[in-house]
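Student: Can you walk me through how some helices and strands pack here? Keep it casual, please.
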Amino acid sequence: MKHSMYIDGKWVKGQNFFLSINPATEDTIAEFPSATSDDMKRAVDSAEAAFDSWKSTPAPKRALCLQKIAQLLRERKEELARTETQEMGKVLKEARGDVQEAIDVFDYMAGEGRRLFGHTTTSELQKKFAMTLRQPIGVCGLITPWNFPIAIPAWKISAALVCGNTVVFKPSSDTPLCAMKLVEVIEKAGVPPGVVNFVTGSGKELGKEITSNKKIRCISFTGSKETGEWIIQNAGLKKVGLELGGKNGIIVMDDANLRLAAEGVIWGAFGTTGQRCTAASRVIVHTAIKDKFEKMLWEKAKALRLGDGLKDTTDVGPLVNKQAVEKVESYAQIGREEGAKLICGGKRTGLKGYFFEPTIFSNVQKDMRIAQEEIFGPILSIIEIRSIDEAINVMNGIEYGLSSSIYTQDINKAMTAVEQIEAGITYVNSSTIGAEVHLPFGGIKHTGHGREGGILGIDEFSEMKTVYIDYSGKLQKAQIDD
Ligand code: NAD
């Protein structure tokens, strides 16, 4: 079925179309317009025209729309989750989790409508009042990936709208149907025309316009490091938020609860088929328990059932598309050539669909490519260490800094890890995944900058204005008057 874009409150047809494919069956499930730069310009113009009215709508009233969106998402949760499994492959349970995250973030950000706190503070001068207040930025360009096709747009749209911005939303071309259903909900919730515009098509085609259009004041991007680098080079002086890749690790010390750690590692490595920015792709294991732990991981990985995510019997779904399965296959080959020991998996499987077996390499050296580069698939590298200091050195010896974890019963080692790991997120005795919407989410180093979620998510989409009110009736000069 041919679908439309949504510009200025109207569903708009396109000239040319691209396909959305079910990665488990390779069937086409929808067709979407390949937008042109002119379509993008119209969307930006519409967002600009809607800005004044939306920004002057009181924040608690804007928040009512967000509440309504959360309610409608709740009503359509099962349908949306099924669409997500069909469109990008994750198992249904996880797809339901993605929709739930979207509901949670709209609920949370609706609450912000009655906060959006600035602060008041003292002044160094008499009869002078000092405070800050939040203002919207303007038109925001939101560019999102396919791996959380409802939750990631929801994080951005909810925060942008409650702050009073208008948006142009460009989803991944692997998941336009999920994105369209979210926009349908936004329309039905009564968000006025022009406030949210939805443009589909290739990032390469539309990237130039969305990054360089002067009417766009802020770009919020989640995706790969390579695209992030391109955006930052082209966005000029716009405010840019970047949530990029990761190469997340789990440290397992010799005193860890190994049963708990093995469950966490398997969930972190193979949940969402390893296609989470926070997926665990390195497990940094103490030498004293390495052989035992490796066997535990092997047993668990072998038991995972691959298949269509819509089936109850499936633990691990397909990769998102043909290029993704080819990329993962090439890294399995790189691992073999680098001399790592393949202990399970390592190949494609199934006659149809983009399936790749859960794969574990052992005896991985910290500088090997499979231990350094983001694979974004079900490949786990086991790296052996002898001390907490060596573990942290390995953990930090990568260009990324998103998520991390340590399993230990020793509070001193846990706190050393909390303090010394270079990452935006550290878990203790829990896997690398499981973000909650009221806490900041994001990374450091080449994972990018900025934070979404919680109050820091509000910072991304608002400007702080500093206000001084002098009621002394005379000219007072800060730093100069005695
Ligand atoms: P991607 O960079 O290929 O695409 C992301 C989005 O950018 C898509 O909408 C795409 O169409 C668009 N795009 C591509 N080229 C563009 C250009 N030149 N200008 C503007 N837009 C352009 O990433 P992906 O494959 O969709 O997602 C996987 C990546 O996303 C992984 O690296 C993963 O780690 C990362 N990711 C990060 C987070 C995080 O919060 N840090 C969360 C999820 C995914």
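Tutor: Sure, one definition to start: angles under 35 degrees count as roughly parallel, over 145 as roughly antiparallel, 65 to 115 as roughly perpendicular and the rest as oblique. Also, this is a predicted model, where local features need pLDDT of at least 70 and side-chain atom pairs count only at pLDDT 80 or more, while totals for chains, interfaces and linings use all residues. Residues are numbered from 1 along each chain as its sequence is written, and side-chain values use heavy atoms, leaving out hydrogens and water.

Student: OK, at roughly what angle do α4 and α5 cross?
Tutor: Roughly 10°, with the axes of α4 (residues 92-112) and α5 (residues 151-162) coming within 8 Å. Therefore α4 and α5 are roughly parallel to each other. Axes are lines fitted to C-alpha atoms, for helices over the stretch in contact, and angles run from 0 to 180 degrees between N-to-C directions. Helices are DSSP runs (H or I, at least four residues), as are strands (E, at least two), numbered from the N terminus.

Student: Which residues make the contact?
Tutor: Among them are Val105, Phe106 and Met109 of α4 and Trp155 and Ile157 of α5; contact means heavy atoms within 4.5 Å.

Student: Switching topic: what order do the strands of the open sheet take?
Tutor: The 3 strands go β5-β6-β24, with antiparallel pairing; strands pair if DSSP finds at least two bridges between them. β5 (120-121) and β24 (462-470) are at the edges with a single partner strand each, so one side of each lacks a neighbour in the sheet.

Student: And how many bridges join β5 to β6?
Tutor: 2 bridges. Thr121 has Ala130 of β6 as its bridge partner.
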